[in-house]
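Open your viewer, switch to a cartoon view and get ready to click along. We will go stop by stop, selecting one thing at a time.

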Amino acid sequence: MRNAYIDALYELAGSDERILALVADNGAIVYDKFRAAYPARFINFGIAEANMVSVAAGLASCGKVPFAYTIASFLTMRAFEQIRNDVCMQRMNVKLVGIGSGFVYSNLGPTHHATIDMSIMRPLPGMTVFSPCGPLESKKITKEAARIDGPVYIRLSVGGSPEIYESDYEFEMGRGVTLRDGGDAAIFTTGSITAEVMKAHAELQARGIHARVINIHTIKPIDEEIIIEGAENTGAVITVEEHSIIGGLGSAVAEVLAEHGIRTKFKRIGLNGVFAEGYGTYDDVKALNGLSAGDIVRETVGCLNRK
Amino acid sequence: MSETAIDFLIDKAEAIRRSIFKIICDGGGGHIPASLSIVEILVALYYKYLNITSKTIGDPDRDRFILSKGHSCVSLYAVLADLAFFDKSALSTFGKSGTILGGHPDMHKIPGVEASTGALGHGFPFGAGAALAGKLDSKNYRVVVLMGDGECQEGTVWEAAMFAAQHKLDNLCAIIDYNQFQAMDTLQSIVSVSPLADKWQAFGWHVREVDGHNIWQLTEALAALPFQQGLPSMIIANTIKGKGVSFMENSAIWHYRMPTEAEMRVACEELKIEELKIEE
């Protein structure tokens, strides 16, 4: 996802001189091509995320379109007040790009995990929140972000994420994507955990449970229609996110269901008010935190079997 | 500058000071001493230095002034109204339902306000961004940020200080309203920022100190900008919090407090206010 983002940014920069790449001492090699082509438009702030975001707002006030990029947990939390006051309150055209979504930096521990970033970006006035599931979607979302005149947060995993889509995938902002169809349950997913959900889908299928899988790449504004449709035409709604279940995708889906008075079996899968547990590989940490394909299968079956 | 020109600015500062007191008394609350502290600085900037008028709003080549210590906004409101950025009648709506003039400035509501400030340590890096954009686009506009001395306790001030020096932002001038007081007491007794000039020099800025109530010293310093090619400029303006109202001067309790009627009478006498009503 990271490389797809930077490729897209490089392409955008070629046709729009206003675009700047801002980093906070992050992205050593991946930005080489951008730096070589546009040295004056690559600005490294050092380890100073709050300053990066305020300066980005000042640059935007003079017509620049800065894409401020660093580790998602630092970007969204260290610089939160700068995002709220300098970017959102002043309605500045700043793009915030957080890498290391969820606990993809598994072995680095919770300081480097981004597991409440969606919860804190969603309520910000004027903020659009994207959570792509793979490289192609990351690229399309980056291009979309440049078309939006206003604050955007993009939540990226790192390198090596599997591709979810065929190359003819057409992205539409604010529209969920049905990746697999089925009538037994509707599983809503977002971000890099989608690959795990696809594995879970195959296992459920093997057990005779036909779930549909819906990718919500735009967390805000959320696609209400596809949520209502999924809830009304299947036996259960499941949400899966590599993130806290408080304030993220699960909460957003619950809000839609409750406000439309829809009664359904409902289960949010994710971190339940805890920091991600343990170290090891990304797969290890998924398993330690109830987010392996097997966990998703078990929880889905459990939800369907509820009285 | 001629003596008449200086006298004009001195008279202007006195008028702005009267205006501030009336606006806040009429509005029923505000940061009086912090607003009085920056009067001469704003007068030197708006009536002598900056190339901004009500006609240049939105002009990409205009100078930018950012009031990073947003709580001193009534001083800015008085100046902007005097220069017809908005109608003077708005001054009597300060702090009241439906007004554009709140306790901190809103760039989307008030013509001439470049940044919505209030939380401290934001306007300065925002201004550094505006200065960097000017450098990237080879524009000649200048960016001036006015911040508080207490504001220098915020870490982002020093992040931006390093950044501005690194990027040789000599189109950026920061002014510190060095009145030595913050909300609860003196900086010296809370968390001292002294020696302030040495700190900024060490961070790569060219520093000049002036008497922040002396129009001549202020205009002379501004005329000398940038103090050194390739370096951002710092003007440390030594000021008196509450300047012009004897019982408010250098007294922390007045940070956000309204005078009683008896106290108002004393202040009016000292500021030469005949009637507290705001002229329209």
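The tour below goes from chain A to the contact between the chains and then to chain B.

**Before you start.** This is a predicted model, in which local features need pLDDT of at least 70, side-chain atom pairs count only at pLDDT 80 or more, and totals for chains, interfaces and linings use all residues. Residues are numbered from 1 along each chain as its sequence is written, while chains are lettered from A and ligands numbered from 1 in the order in which they are written. The predictor gives the complex an ipTM of 0.95 and a pTM of 0.96.

**Stop 1: the sheet.** Select the strands of chain A (strands are DSSP runs of E with at least two residues, and helices are runs of H or I with at least four, numbered from the N terminus). You will find an open sheet of 7 strands with mixed pairing, in the order E2-E1-E3-E4-E6-E5-E10. Two strands pair if DSSP finds at least two bridges between them. At the edges, E2 (42-44) and E10 (218-220) of chain A each pair on one side only.

Now colour residues 95-99 and 152-156 of chain A: these are E4 and E6, paired in the parallel sense over 5 bridges. Which residue stands opposite A:Gly98? Look in E6(A) for A:Arg155.

**Stop 2: a helix on the sheet.** Select H3 of chain A, residues 49-61, which packs on the sheet and touches E1 (19-23) and E3 (65-71). Contact here means that C-beta atoms, placed from the backbone, lie within 7 Å. The direction of H3(A) makes about 170 degrees with that of E3(A) (axes are lines fitted to C-alpha atoms, for helices over the stretch in contact, with angles from 0 to 180 degrees between N-to-C directions).

**Stop 3: where the chains meet.** Show both chains: the contact takes 20 residues from chain A and 19 residues from chain B. On the chain A side, H3 and H5 (80-89) each supply at least two residues. H3(A) gives the most, with 9 residues.

**Stop 4: two helices of chain B.** Select H1 (3-27) and H3 (39-49) of chain B, which pack at about 125 degrees with their axes 9 Å apart. That makes H1(B) oblique to H3(B), because angles under 35 degrees count as roughly parallel, over 145 as roughly antiparallel, 65 to 115 as roughly perpendicular and the rest as oblique. Finish by showing side chains in this contact, including B:Leu9 and B:Ile16 of H1(B) and B:Val43 and B:Tyr47 of H3(B).

Methods:
Two residues are in contact if their C-beta atoms, placed from the backbone, lie within 7 Å.
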